[in-house]
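Hi everyone, thanks for coming. I'll take a few minutes to walk you through a structure I've been looking at, so get it up on your screens.

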Amino acid sequence: MDHAHTPVPEAPAVKYVDMGGVRVPYELTQIPRVQPHRPLSEYEPEADALVVNMGPQHPSTHGVLRLKVWLDGEVCFKCVPYVGYLHRGVEKLLENRAYAQITPIVDKNDYVSPIINEIAINMAFEALLGVEVPERAKVLRTILAELQRVASHQLFMGTFALDLGGALGGGAAYFLYNFREREDVLDLFEMLTGGRFHYNTICVGGNRHDAPAGWTDQVKKVLDRLTSRLVEYRTFLEDNHIFHLRTKGVGIVDPLLAMECGAGGPILRASGVDYDMRRDAPYLAYDRVKMNIPVRTEGDCYARYMVRFEEVVASIDAVRQLIDDIPEGPICAVKPVRTLKSVLPKPGTAYVGIESPRGEIGTYVISDGTEKPYRVKIRPPSLHSASLLPYLCVGANVSDIVAILGSLDPILGEVDR
Amino acid sequence: MPPLQPPLPDDFAELCRERFGITDLPPEGPVVPRDQLVALATALKDELGYRFFVYCAASHHPKESQCQVAWRVRRLGKGTVSAPFRVIVPDGETCPTLSGVYAGADWQEREQYDLVGVVFDGHPDLRRLMLPEDWEGHPLRKDYAIDTHQFPWR
């Protein structure tokens, strides 16, 4: 079947300004910035304010997030988010566990891309210990991270269509199609680690599980199937008029504000900032890969959706570049961990940040030379992108708030920790 | 593999030495006097282009009876570099806020206040971020035992 696209009109030339290392679209920087702490008494007294609590159990909040919004008619003029409903005290827990016990706990932070949590925290511990990871483990980690990015973005694409709901005929068809393909990717993880969600496969110094026989062939098969289906998915939303009406021009993010808030990844790239740690500060085996980094300059919900869509294509391409020449050799630099004291770093601090599907995920560790970390600070990308909400929701309709929240794609397990 | 701590970026080290007179520049970040913190952050952001806010992490050190607050900001672009800096806050004293310089510091400082109990002086809205408003104590302090008897489901 021929899926011809409507010809895209030539985009007008975007004017850029230089902002310390990167250039940002000039127009987006001219958006007047909302003052989130303006007291209520300063608003127009006639405003017939209606206070609505969206959440904590609202299906569009992707977890338990409460947005307290003050509405004038249907337009929000003040928004205060409340987070913490999923707070589990992870950082306190980590201070009371040995380094070797930590990986399965951080799995549950960003439960949509657990492998990236594991890689992020173990890379910080490896920096603290000064351990070099074997090449084979690096390549396997890179492949797993990119597969996870595909699965994570597919969950976003599906649930974003669900959020926009009725306008798209329920959105459930698109959601289920995405989940069908996501299952295939999770099956690949199951083949390798035995778990579909909480893998516990990265350890300090390398990986725990090697690729079984036939795994690479299965990966290629799944990616081929996914690629052919993505053609179909494009036609679902990319040219859908109602989808355009719901998302274009909604929730425009000022790239300077996003940087100040620390919101990175697709949010920054949808606002015209050409920056990705996988290309600009390569870690693991990303120096072997030619990454295609999609960038758009509109900064709205549609741009964020499209950036994530194109990232799925780019990640598939990256896995294809790596899958055929995984180097032979050991997958772990140190002996498999048997005792709690087998990981004993020197006193010091380390910070390592990597690119998660939602932005920069990082771990700041202070070690005092014992088998337990003195302090672990996990830098969750979702918390930083959720802190954009008080700025973005002002001036939006209630239905737009749902679209904005969905397009930021915060994972509440990671926001609250 | 990244080294334990990459050395400080040259322009940041020069700024610390020349303008703020800080000579001790370890890779985990120089200790900045509290009254110069905002000036340093403003210079980093506006003059050197470190616009991306990475983290704000406080830690409690009961032996020295002090808290340490560490920040890190990043300059984006090819070969991105980051600038870490720290502040020592003795018990019972406050730390200046960076929320006027980096908008994202707002929530991060609320989180550190909530969990570690560092008070950020001048913060526009210093409420607890994670825990309920009536929670007693700050869990990430070292004197807060992990089995402290407080039921979260009251």
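I'll start with confidence, then go through chain B, its contact with chain A, and a sheet in chain A.

Okay, so keep in mind that this is a predicted model. Overall, ipTM and pTM both come out at 0.87. For chain B, the average pLDDT is 84, and 92% of its residues score at least 70. If you go element by element in chain B, the highest mean is 91, for strand β1, residues 52-61. The lowest belongs to helix α1, residues 10-20, with a mean of 83.

Now, what is chain B built from? There are 3 helices and 5 strands. Reading from the N terminus, you go α-α-β-β-β-β-α-β. Chain B has a radius of gyration of 17 Å, and the globule rule gives 15 Å for 154 residues; those values are close, so chain B is as compact as a globular protein of that length. If you'd like a box around its C-alpha atoms, picture roughly 50 × 35 × 30 Å along the principal axes. Of the 154 residues in chain B, 44% are buried. And here's one about contacts: take those in chain B between residues at least 6 apart in sequence, and 49% of them join residues at least 24 apart.

Next, where do the two chains meet? On the chain B side, 36 residues are in contact with 47 residues of chain A. Three elements of chain B, namely β1, β2 (66-75) and α3 (105-116), each put at least two residues into that side. The largest share comes from β1(B), with 6 residues. Sorted by class, the chain B side has 22 nonpolar residues, 7 polar and 7 charged.

Last stop, chain A. How are the strands ordered in its open sheet of 3 strands? They go β8-β9-β10, with antiparallel pairing. Why call β8 (348-356) and β10 (373-379) of chain A edge strands? Each has a single partner strand, so one side of each is left without a neighbour in the sheet. From one strand to the next, the twist averages 10 degrees. Look at β8(A) and β9(A), residues 359-367: they're antiparallel and joined by 9 bridges. One bridge pairs Ser356(A) with Gly359(A) in β9(A). Packed on this sheet is helix α4(A), residues 114-129, which touches β8 and β9 of chain A. The direction of α4(A) makes about 150 degrees with that of β8(A).

That's it from me, thanks!

Conventions. Residues are numbered from 1 along each chain as its sequence is written. Chains are lettered from A and ligands numbered from 1 in the order in which they are written. This is a predicted model: local features need pLDDT of at least 70, side-chain atom pairs count only at pLDDT 80 or more; totals for chains, interfaces and linings use all residues. pLDDT is the predictor's confidence in each residue, from 0 to 100. Helices (H or I, at least four residues) and strands (E, at least two) are DSSP runs, numbered from the N terminus. Two residues are in contact if their C-beta atoms, placed from the backbone, lie within 7 Å. Ala, Val, Leu, Ile, Met, Phe, Trp, Tyr, Cys and Pro count as nonpolar, Asp, Glu, Lys and Arg as charged, and the others, Gly among them, as polar. The radius of gyration is taken over C-alpha atoms; the globule rule is 2.2 Å times the number of residues to the power 0.38. A residue is buried if 20 or more other C-beta atoms lie within 10 Å of its own, exposed if 12 or fewer, and partly exposed in between; C-beta atoms are placed from the backbone. Two strands pair if DSSP finds at least two bridges between them. Axes are lines fitted to C-alpha atoms, for helices over the stretch in contact, and angles run from 0 to 180 degrees between N-to-C directions.
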